[in-house]
Amino acid sequence: MNIPKAIEQAMSFVLKKHAELGEGVMLRAYQSLADDPYWSPSTDLYFPMVDIRCSPPRTDQTQTTLVCECAMLCGTNAQDDKDHAFISSLYEAVEGVVTNIFAQYRHGTTGGIYAEFVAKVVELVDDAAKFNFGGLTLGEPLAPHDESGVNMIGLTLAVHYSRSDY
């Protein structure tokens, strides 16, 4: 499995397990849509949802470390969430898990959600022996906005890694 897809699935895994998302929230991992029971081709954009998308890798300023930006975009139907209360609670649940992952990484925690996330990525990548996890940074956020009848807000976790074959 390609690394961005593995990161998307690992993030979906930890959000399902640790975030109190509320009933009926679709976790829409971009490269693995059919893995969520709420997704179907006829209702592709089911709301409420957390859309998880990882960018293809790029190099960082060292030119030796690769980075995938994993965006988690929370969305609700504006008609169903006029006061933005549901999207606020949805974002809070996602942000809580992501900041726990980041904080545990920063503090050198060897267990917890951070360890589960990294272990899941390693489990899913094509050749785990060549994948070397490097660290995490927070990426560009998506400020709250309403567009085409959808409330959106999001955050990004950048996953840094190297490959022994590069």
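Here is a short conversation about the helices, strands, core and loops of this predicted model.

Visitor: Before we start, what pLDDT do local features need here?

Guide: Residues are numbered from 1 along each chain as its sequence is written, and side-chain values use heavy atoms, with hydrogens and water left out. The model is predicted, totals for chains, interfaces and linings use all residues, side-chain atom pairs count only at pLDDT 80 or more, and local features need pLDDT of at least 70.

Visitor: Lovely. At what angle do the axes of α1 and α2 cross?

Guide: Helices (H or I, at least four residues) and strands (E, at least two) are DSSP runs, numbered from the N terminus. Axes are lines fitted to C-alpha atoms, for helices over the stretch in contact, and angles run from 0 to 180 degrees between N-to-C directions. Helix α1 covers residues 3-18 and helix α2 residues 85-106; their axes come within 10 Å and cross at roughly 115 degrees.

Visitor: Which residues of α2 make that contact?

Guide: Contact means heavy atoms within 4.5 Å. From α1 come Met 11, Val 14, Leu 15 and His 18, and they meet, on α2, Val 94, Val 97, Val 98 and Ile 101.

Visitor: How many residues of the contact of α1 with α2 are nonpolar?

Guide: Ala, Val, Leu, Ile, Met, Phe, Trp, Tyr, Cys and Pro count as nonpolar, Asp, Glu, Lys and Arg as charged, and the others, Gly among them, as polar. By that scheme the contact of α1 with α2 has no charged residues and 1 polar, and the nonpolar ones number 7.

Visitor: Now for α1 and α3: is their crossing left-handed or right-handed?

Guide: These two helices pack at an angle of about 140 degrees, with their axes 8 Å apart. A crossing is left-handed if the near helix is turned anticlockwise from the far one by less than a right angle, and right-handed if clockwise. For α1 and α3 the crossing is right-handed.

Visitor: And how many charged residues are in the contact of α1 with α3?

Guide: The α3 side consists of Ile 113, Glu 116, Phe 117, Lys 120, Val 121 and Leu 124, while the α1 side includes Gln 9, Lys 17 and His 18. The contact has 10 nonpolar residues and 2 polar, and the number of charged residues is 3.

Visitor: Which helix gives the most to the largest nonpolar core?

Guide: A nonpolar core is a set of buried Ala, Val, Leu, Ile, Met, Phe, Trp, Tyr and Cys residues joined through side-chain atoms within 4.5 Å. Here the largest has 41 residues, and Met 11, Leu 15, Val 50, Met 72, Ile 101 and Phe 117 touch the most other members. At least two residues each come from α1, β2, β4, α2, α3 (112-124), β5 and β7. The most, 8 residues, come from α2.

Visitor: How many residues of strand β7 are buried?

Guide: Buried means under 20% relative accessible area, exposed over 50%, partly exposed in between (1.4 Å probe, protein chains only). Strand β7 spans residues 150-163, 14 in total, and is mostly covered; the buried residues number 12.

Visitor: How many bridges join β4 to β7?

Guide: Two strands pair if DSSP finds at least two bridges between them. β5 (residues 131-138) runs antiparallel to β7 with 7 bridges, and β6 (residues 142-147) pairs with β7 in the antiparallel sense over 4. β4 (residues 66-77) is antiparallel to β7 too, with Ala 71 opposite Thr 156. The bridges joining β4 to β7 number 12.

Visitor: Is Ser 148 buried or exposed?

Guide: Ser 148 sits in the loop between β6 and β7, and its phi is positive, about 50 degrees, although it is not a glycine. With a relative accessibility of 75%, Ser 148 counts as exposed.

Visitor: Is the peptide bond from Phe 47 to Pro 48 cis or trans?

Guide: Pro 48 is in the loop between β1 and β2, and Gly 24 is in contact with Pro 48, as well as with Tyr 38 and Tyr 46. Omega for the bond from Phe 47 to Pro 48 is near 0 degrees, and the bond is cis.

Visitor: Last one: what is the relative accessible area of Ser 32?

Guide: Ser 32 belongs to the loop between β1 (26-29) and β2 (49-54). Leaving aside neighbours within four places in sequence, Ser 32 is in contact with Lys 5 and Gln 9. Ser 32 is buried, and its relative accessible area is 8%.
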